[in-house]
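Welcome, and please open the model in your viewer with side chains switched on. We will walk from one selection to the next.

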Amino acid sequence: MNRRTAFLTTLAVTTTALTLTACGSEKPDAPARGSGKETLTTASASSAPASDGRPAIDLPSDLSYTFDWPKTGDKERDAVLADSEQSIKAVDQAIVNQNALDKAYLYYYEGEAAAETQKFVQNYVDHKAGITGSYRFYAPEVSVDRDGTASLSYCEDQGKAFVKYLETGEIKKTEVTAKSYVVYHTSLKWDEDKGAWVIQKIVSQSGSTKCQP
């Protein structure tokens with residue numbers, strides 16, 4: 001699916017936990033290299049106010065994000081990275097809100113990607129599960145074509161992110177394995193009306209050797 005096969009990884013409830021994975025996975029278990037001019041690691045605030053028509057993102061303090069993807073110096077590629085960062089958080093907001101049709105993520109996802117993301121979030125809703133912990137995203141590779149489309153691949157470290165069951169407050173902590181490292185491949189297009197890059201398709205693979213330390 002979507003943002004984490006990680007988006008959708010394998011949601012196994014009972015004593016096993018949900019596993020998130022993006023397009024093509026589900027994750028309740030537990031989302032072009034630059035010139036180096038910017039800091040390589042950026043701790044990103046969980047919440048961001050609405051701006052330029054983009055939806056506000058409001059996440060709880062027990063979620064944190066690190067994006068190890070420096071700016072490229074290219075306006076369009078940097079815009080892809082910025083909107084992709086917000087799209088990741090928007091999906092988490094839908095999980096936190098327990099709303100599979102949350103407006104924030106629907107701003108950034110369309111078509112196949114939106115449909116898969118809805119299923120992904122619904123897994124959490126059905127199991128009354130949320131998320132907690134820290135996510136790290138790194139090794140981005142971004143390209144923009146003249147026809148208004150773009151592609152972005154990146155890695156996610158889910159080793160410090162966990163599923164939280166809302167009725168009991170239980171946090172399902174799992175050991176770090178190869179499956180904790182996920183690679184994503186997204187296809188985007190420029191939406192002139194929104195003035196934003198929106199995701200059309202997203203696929204992911206957990207246990208990616210590219211993403212493992």
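This tour of a predicted model visits its aromatic rings and the charges beside them.

**Stop 1: a pair within a helix.** The structure contains 13 aromatic pairs. To begin, select F120 and Y124: their ring centres are 5.4 Å apart and the planes stand at 80 degrees, so this pair counts as edge-to-face. Now show the backbone as a cartoon. Both residues belong to helix α3 (residues 111–126), where a spacing of four residues puts about one helical turn between F120 and Y124. Are these two side chains buried or exposed? Both F120 and Y124 are buried.

**Stop 2: a pair between strands.** Next, select Y154 and Y184. Here the rings are stacked, with 5.0 Å from centre to centre and 20 degrees between the planes. Colour the strands and you will find Y154 in β6 (residues 149–165) and Y184 in β8 (residues 181–191); the pair therefore ties together parts that lie 30 residues apart in sequence. Y154 and Y184 are both buried.

**Stop 3: the wider cluster.** Keep Y154 and Y184 selected and add Y65, F67, W69, Y135 and F137. Together, these residues make up one aromatic cluster.

**Stop 4: charges over rings.** Stay with Y65 from the cluster and add K89. The charged end of K89 sits over the Y65 ring, 5.7 Å from the ring's centre. For the last selection, pick Y107 and K194. What lies over the face of Y107? It is K194, at 4.8 Å from the ring centre.

Notes: Residues are numbered from 1 along each chain as its sequence is written. This is a predicted model: local features need pLDDT of at least 70, side-chain atom pairs count only at pLDDT 80 or more; totals for chains, interfaces and linings use all residues. Side-chain values use heavy atoms; hydrogens and water are left out. Rings of Phe, Tyr and Trp (its six-membered ring) pair if their centres lie within 6.5 Å; planes under 30 degrees apart count as stacked, over 60 as edge-to-face and the rest as tilted. Helices (H or I, at least four residues) and strands (E, at least two) are DSSP runs, numbered from the N terminus. Buried means under 20% relative accessible area, exposed over 50%, partly exposed in between (1.4 Å probe, protein chains only). A charge sits over a ring if NZ of Lys or CZ of Arg is within 6 Å of the ring centre and within 35 degrees of the ring normal.
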